Amino acid sequence: MKVSLNWIKDYVKIPKILKSSQIAYDLTMSTVEVENTMKLNEKFNNIVIGVIIEVISHPNADRLKICKTDIGNGEICEIVCGGSNLKKNMKVAVARPGAMVRWHGENNFVEIKNTKVRGVNSFGMICASSEIELFDLFPFTKEATIINLSKFDSKAGTPLSEALELDDTILEIDNKSLTNRPDLWGHYGIAREIATLYDLPLVNFKKFMPPKSATNLTVTVKNLLECPRYIGVKIEGLSIKPSPFEIQSRIWRVGVRPVNAIVDITNYVMLATGQPTHAFDFDNIKGHITVRHAFKKEKLLLLNGRELSLSEDNLIIADDESPIGLAGIMGSEKDSVLPKTNKVILEIANFNAISIRRTSTQHKIHTEAATRYEKAIDPERGDIALSLAMQLFKNSYKDIKLTSFCDNYPKHLKKNKIDVSLNWLKKQLGKHIPNKDMTNKLKRLGFEVNFNNDNMQVVTPTWRSTGDISIPSDIVEEIVRIHGLENFEATPITTTFQHATNQINIDIERKIKEYLAFRCKMREIFTYPWMDDNYIKAILQENSKKNMLSLSSPPSPSESYLCSSLLPNLCKAITNNLRFFNEFAIFESAQIFLNKVLKSCYDSQEKLPVQHRNIAGAYVGAPEKMNLLFRTLKGVIEALPYYVHVKQIIFKKNNKPIWADNVAWLNIFHNKEQIGNLALLSKKASLDCAIKKNTVALFELDIDLLKPYSSRTNKFSHILEYPTVDYDLSLLFDLSVKWDEISAVIKDEAYSNKLLHKILFIDEYKGSQVPIKKKSITFRLIIGSPEKTLTSNEIENYANSVVKRLNKTLGAKLRN
């Protein structure tokens, strides 16, 4: 989304010392991601207003003229031009040497230089609008039409950006960062954020009150859930004419092409407030307006000339005879603003986000209006849109009359009330922010805040009550982003790992992929989760489609089914790679989707398709290597259990796959259950896949059916933070004492003071150097504290305590 800073200044007075780069940075850190800032006037460097003093015929070319042109400061220059509409005293755009223009509107920019044109020196260039990227503001139909700027009150030599008031900065905002912020899809919403960030006052819209003479406009809304509010205004005294240049310029700067005053005003209101509006030609409306669902296969011819066959869940705007608009998306060709329109019904409505999204996706129509409605804008926004729209119509048309009005809004949007514990909030923030500071920031964003002991109750404004702000964590986010992320100190997250989880069912897929890639030298590929109809027919056959899941909005007409097998996409990849290689081996691991219902464990009404993890692979080579390819692939599958630690795989010939060769095929069995197939691709299937000169050996198996061998459960222990010491002891014990008894006594000692991390058996000695009926046991204590580095005295004391305990319990003595 593009945002004009000059437009923003209508709603908040931004100090001159505040640079656009700083605004972009602060918005990125707190609100939305500003991808780029563009100084609009830089596009028009060295382009100025020129006044043609005299037009002279070129002596060497019939279609060229020599224009003596005043370019300011008393400088008169001669410019050779082929414009068809040149005349004396005409104000034009002159590109001086050094300016960058698109020559005759072509793609690449060229630098203007002094040059000779058919033997005559030419200083610069008199421009057409397409050559300086102003065609949408100054369109033309006749070739070689020069931009005529005579209506602008600017002297010769005035920079073009100044004359057209294009000294503006455009912020380019990443739409993904706006997805969950319906309030920001207009300049007023961004202005509110800037006002909050810099503690500046925000201009409020005055509520529009229809004149008492206005009659009631009849509009019937048959589904209030999908159209909670509908404002209709009948406006008379209009005509089709260009809108004021300020309106044209503003909507053009942010990417919308000016059309005429009526259409431009509706677009202006949408870009300013985020509320889409639409104008219907009143004279073409038959009877009254109704907001309803379409009838089955009802037809609607859209503004863009496309005819739709509607479904019963499409919300439409209709008159008594037929549909006149696809609600929230696009109007019809016959009932929208026409060349002779002088009366309109202005629609300012609110539509359900899910309904608009579903209809937009179904018919593959994505408009600026639909984009905003899909984000769940609030019904109350209609008030400021109405106020601004009526102000613009009055400024553009002196003799307009508002003759009828309606505002169908039976059930007002409720503001969300959220209770937040202050103790919980402080813990989440990691620091204390005074209540006064939080209240000030939240109120500037439109929230109401009240405190009661440990509770802070926050009431959200309507523009944040459609799903954006609903739980206490959302309030935390608001406080953090407005307070400033840079004002929070980083604190370590305290957590404890109790044990490591050995997920052998999950790890098995990774092991298979590593086995195929490293040991079998196969290349992994990635394809889409949908299949091409040609490869479905070749590999799975046409009648198998009844068991597949189809997409309601496929990426293309020939790719409408989800993968029920990985083989069609694998064969498509083989066909594509055969253009570059004659021999190769590839595999893919991905989900397949079966036409079976799996009920969600979270929502009983939610239904999901059954999904399995499958893996498929192929060896491709010359026809004479047919036997080698098949035996190689059979060996790969046969050895797989040994490398991925699953139970044995066996081969049987029970059910020949449709795509398989008549002789070289096998079913893959595991744990007494068929889990896949292995075969050469049949000649017919190969030709259907456009594989003519190569042989292909394929396999596919279900990973979820593989049974891994049981494995030990690993235990987790923390890495020691302080150094440890190895302390060796040699003690004399009776011959009957076992090592298990010794280690048990030592571990009991460790349990009491936590200093022993490990005990290792080193040696056992029986012989002349120890007393009769005694043995010497040498072991190692690994001693350390979790809180500090131990001193030598503390280490000795601990070792002595171990010796004393062993002496008391097992009669141990230090060996001399």
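## The largest pocket

In this predicted model, the lining of the largest pocket splits into 18 nonpolar, 11 polar and three charged residues. The lining counts 32 residues. The pocket's volume is about 830 Å³. Nearest its centre lie Val 263, Thr 266, Asn 267, His 278 and Leu 303.

Which elements build the wall of the largest pocket, each with at least two residues? Two are helices: H6, spanning 261-273, and H8, spanning 368-373. Three are strands: S16 (278-281), S21 (323-326) and S22 (330-331). Helix H6 gives the largest share of the lining, five residues.

## Domain layout

The protein is divided into domains 1 to 6. Domain 1 comes in two segments, 2-33 and 174-197. Domain 2 covers 42-163, and domain 3 covers 215-408. Domain 4 follows at 417-487, then domain 5 at 504-705 and domain 6 at 725-814.

How many ångströms separate the centres of domain 3 and domain 6? Over C-alpha atoms, the separation is 88 Å.

## A five-stranded sheet

Five strands form an open sheet with mixed pairing. Their order is S13-S24-S15-S23-S16. Strands S13 and S16 are the edges, each pairing on one side only. Helix H9, residues 381-396, packs on this sheet. H9 touches S15, S23 (343-350) and S24. The direction of H9 makes about 10° with that of S15.

Strand S16 thus appears twice in this account: it is an edge of the sheet, and it supplies at least two residues to the lining of the largest pocket.

## Pairing around S24

Strands of a sheet pair through backbone hydrogen bonds, either parallel or antiparallel. Strand S24 (residues 401-408) takes part in both kinds of pairing: parallel with S13, antiparallel with S15.

The S13 pairing involves residues 215-216 of that strand and has two bridges. Here Asn 216 has Phe 405 of S24 as its bridge partner.

Strand S15 spans residues 229-236 and joins S24 over seven bridges. Which residue of S24 is the bridge partner of Lys 234? That partner is Ser 404.

How values were computed: Residues are numbered from 1 along each chain as its sequence is written. This is a predicted model: local features need pLDDT of at least 70, side-chain atom pairs count only at pLDDT 80 or more; totals for chains, interfaces and linings use all residues. Side-chain values use heavy atoms; hydrogens and water are left out. On a 1 Å grid over the protein atoms alone, a cavity is a set of points where a 1.4 Å probe fits but cannot get out, and a pocket is an open set with protein on both sides within 12 Å along at least five of seven lines; lining residues have an atom within 4 Å of a point. Grid points are joined across faces, edges and corners, and a volume is the space filled by probe spheres set on the points. Helices (H or I, at least four residues) and strands (E, at least two) are DSSP runs, numbered from the N terminus. Ala, Val, Leu, Ile, Met, Phe, Trp, Tyr, Cys and Pro count as nonpolar, Asp, Glu, Lys and Arg as charged, and the others, Gly among them, as polar. Domain bounds come from an automatic or database domain assignment. Two strands pair if DSSP finds at least two bridges between them. Contact means heavy atoms within 4.5 Å. Axes are lines fitted to C-alpha atoms, for helices over the stretch in contact, and angles run from 0 to 180 degrees between N-to-C directions.
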